[in-house]
Amino acid sequence: MNQVDPEHEAELNRRRKSRNIAMGLVLAGFVVLFYAITIVRIGAQ
Amino acid sequence: MVGLFKEQIMTSATLQQQLPADWRDFLALTKPGVMRLVIFTGLCGLLAAPGSINPVLGFTAVLCIAMGAGGSAVLNMWWEADIDAKMKRTANRPLPTGRIARRDARDFGIALSVAAVLIMGVAVNWLAAGILAIATVYYAVIYTMWLKPRTPQNIVIGGGAGAFPPMIGWVAVTNDITAMPILLFAIIFMWTPPHFWALALFVKSDYAKAGIPMLPVVAGEKVTRQQILLYSVILLPLTIAPWAIGGTSWLYGISAAVLSTVFLGFAVKVAFRERGDDDTMKPEKQLFAYSIVYLFVLFGVLVADRVLAAQGMIG
């Protein structure tokens, strides 16, 4: 079994974490946007 | 023992490949610099259109235009990764350097493009969504995959893709295609060739190295300079046309006439010269720089004109 370089593992975790945060923020943004669109669309009817 | 050691210690290149891509690399794939102009012209189309749109839906429309442009750009970079690797200007992009896997880029581009069209359709209107879908297919498939590597008129054809955003912004408000959004499309369509050919004249060697049939490479500088002048001549009456058909007031009409005459002046300087020894290509660089300012100011004045007219401050 290959040894995993600690520096590599730290960088891997850092990138995973930053990608997860970015993805979370994008999804949260879409949730807010779809909620606002729904309210506007319902209000227009 | 040495073999085992080699297996255990990963090289930096292997590490680079095995690490997941950074979110900034995905953002870079969407060409944020190009997106700025797309967002601006799309927003101008939206603001200049007659009638009104709810701010939330207006924001959504512009977001979808940006997502569509971003998705197209990602698909463009996915398809052209090999070409990008050969050009100094593009060799450091995420795909040629291996920071992102090609399959990931393709999936990201498709997801972004499809989501943009669906959200536009559901939230705003399906006519705007349809034009956005056409713009995406036009840029990512017809231009990037088919015509760009085959014809020196690639810039003229590619300009069509960049011309869609103000039309989409306009249709997002009106849900109708009239002469004005078609004119806005035509203005950017005619503006693109002199803008990019000015750039191609001073980065000519890079395109030649990548095998892209850019006009200066295939037809020579003289023809390119003539074509720059031709499109700039057509651009002048075209930018005044919105005023001529009664779509704007004198404010836009006079501004467009002045801005386009200056544009033509720069184009004339480029058209009637030849490259000398140790040429700094100053007129070409000036035309390229002015063309960017020109488009921002022209569309900015269009919006100002329509906003002032809506408030009854001008006729």
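Where in chain B is the place of Met281(B)? Met281(B) sits in the loop between helix 14, residues 250-271, and helix 15. I'll come back to that loop shortly. What you have above is a predicted model, so please hear every value with that in mind.

Chain A can be dealt with quickly. There is one helix in chain A, and there are zero strands. The C-alpha trace spans about 65 × 15 × 5 Å along the principal axes of chain A. Of its 45 residues, 18% count as buried. Chain A exposes about 3,700 Å², and carbon and sulfur atoms supply 65% of that area. On charge, chain A has 6 positive and 4 negative side chains, with the centres of the two sets 17 Å apart.

Now chain B. Here the model has 15 helices and, again, zero strands. The C-alpha atoms fill a box of roughly 85 × 55 × 30 Å along the principal axes of chain B. What radius of gyration does chain B have, and what would a compact globule with 315 residues have? Chain B has 22 Å, and a compact globule would be near 20 Å, so the two agree.

Buried residues make up 51% of the 315 residues in chain B. If you take the contacts between residues at least 6 apart in sequence, 73% of them join residues at least 24 apart. The area that chain B exposes is about 14,200 Å², with 68% supplied by carbon and sulfur atoms. The charge count for chain B is 24 positive and 17 negative side chains, and the centres of those two sets lie 1 Å apart.

Next, some backbone angles. Most residues other than glycine have a negative phi. Two residues in chain B are worth a look against that background. Back to Met281(B): its phi is near 55°, a positive value in a residue other than glycine. Is Met281(B) buried or exposed? Met281(B) counts as buried because its relative accessibility is 3%, and the cut-off for buried is under 20%.

The second one is Lys31(B), with a phi near 50°, also positive and also in a residue other than glycine. Lys31(B) is found in the loop between helix 3, residues 23-29, and helix 4, residues 32-48. At 15% relative accessibility, Lys31(B) counts as buried too.

Moving on to helix 15, which covers residues 282-310 of chain B and contains Glu284(B). Which side chain makes a polar contact with the side chain of Glu284(B)? That is Arg273(B), at 2.7 Å. Glu284(B) has 0% relative accessibility and therefore counts as buried. Leaving aside neighbours within four places in sequence, Glu284(B) is in contact with Ala198(B), Leu201(B), Phe202(B), Arg225(B), Val270(B) and Arg273(B).

Another residue at 0% relative accessible area is Thr239(B), which is buried. Thr239(B) is found in helix 13, residues 221-244. With the same four-place exclusion, its contacts are Ile187(B), Tyr252(B), Ala256(B), Ser260(B), Tyr294(B) and Leu298(B).

Last, two residues that count as partly exposed. Ile53(B) lies in the loop between helix 4 and helix 5, the latter being residues 55-79. Its relative accessibility is 23%, so Ile53(B) is put in the partly exposed class. How many residues apart in sequence are Ile53(B) and Ala172(B)? They are 119 residues apart in sequence and 8.1 Å apart in space, C-alpha to C-alpha. Ala172(B) is also one of the residues that Ile53(B) touches, not counting residues up to four places away in sequence; the others listed are Leu46(B), Gly58(B), Val124(B) and Val173(B).

Ala133(B) is in helix 8, residues 126-147. At 26% relative accessibility, Ala133(B) counts as partly exposed. Ala133(B) and Ala116(B) are 17 residues apart in sequence, and their C-alpha atoms are 8.6 Å apart.

To recap the residues to click on: Met281(B) for a phi near 55°, Lys31(B) for a phi near 50°, and Glu284(B) for the 2.7 Å polar contact with Arg273(B). That's all from me.

Conventions
Residues are numbered from 1 along each chain as its sequence is written. Chains are lettered from A and ligands numbered from 1 in the order in which they are written. This is a predicted model: local features need pLDDT of at least 70, side-chain atom pairs count only at pLDDT 80 or more; totals for chains, interfaces and linings use all residues. Side-chain values use heavy atoms; hydrogens and water are left out. Helices (H or I, at least four residues) and strands (E, at least two) are DSSP runs, numbered from the N terminus. Buried means under 20% relative accessible area, exposed over 50%, partly exposed in between (1.4 Å probe, protein chains only). A polar contact is a pair of N or O atoms within 3.5 Å; within protein, one must be able to donate a hydrogen and the other to accept it, and residues adjacent in sequence count only if both atoms are side-chain atoms. Contact means heavy atoms within 4.5 Å. The radius of gyration is taken over C-alpha atoms; the globule rule is 2.2 Å times the number of residues to the power 0.38. Accessible areas come from the Shrake-Rupley method with a 1.4 Å probe; for residues, only the protein chains shown count as cover. Lys and Arg count as positive and Asp and Glu as negative; His and the chain ends are not counted. The place of a charge is taken as NZ of Lys, CZ of Arg, CG of Asp or CD of Glu.
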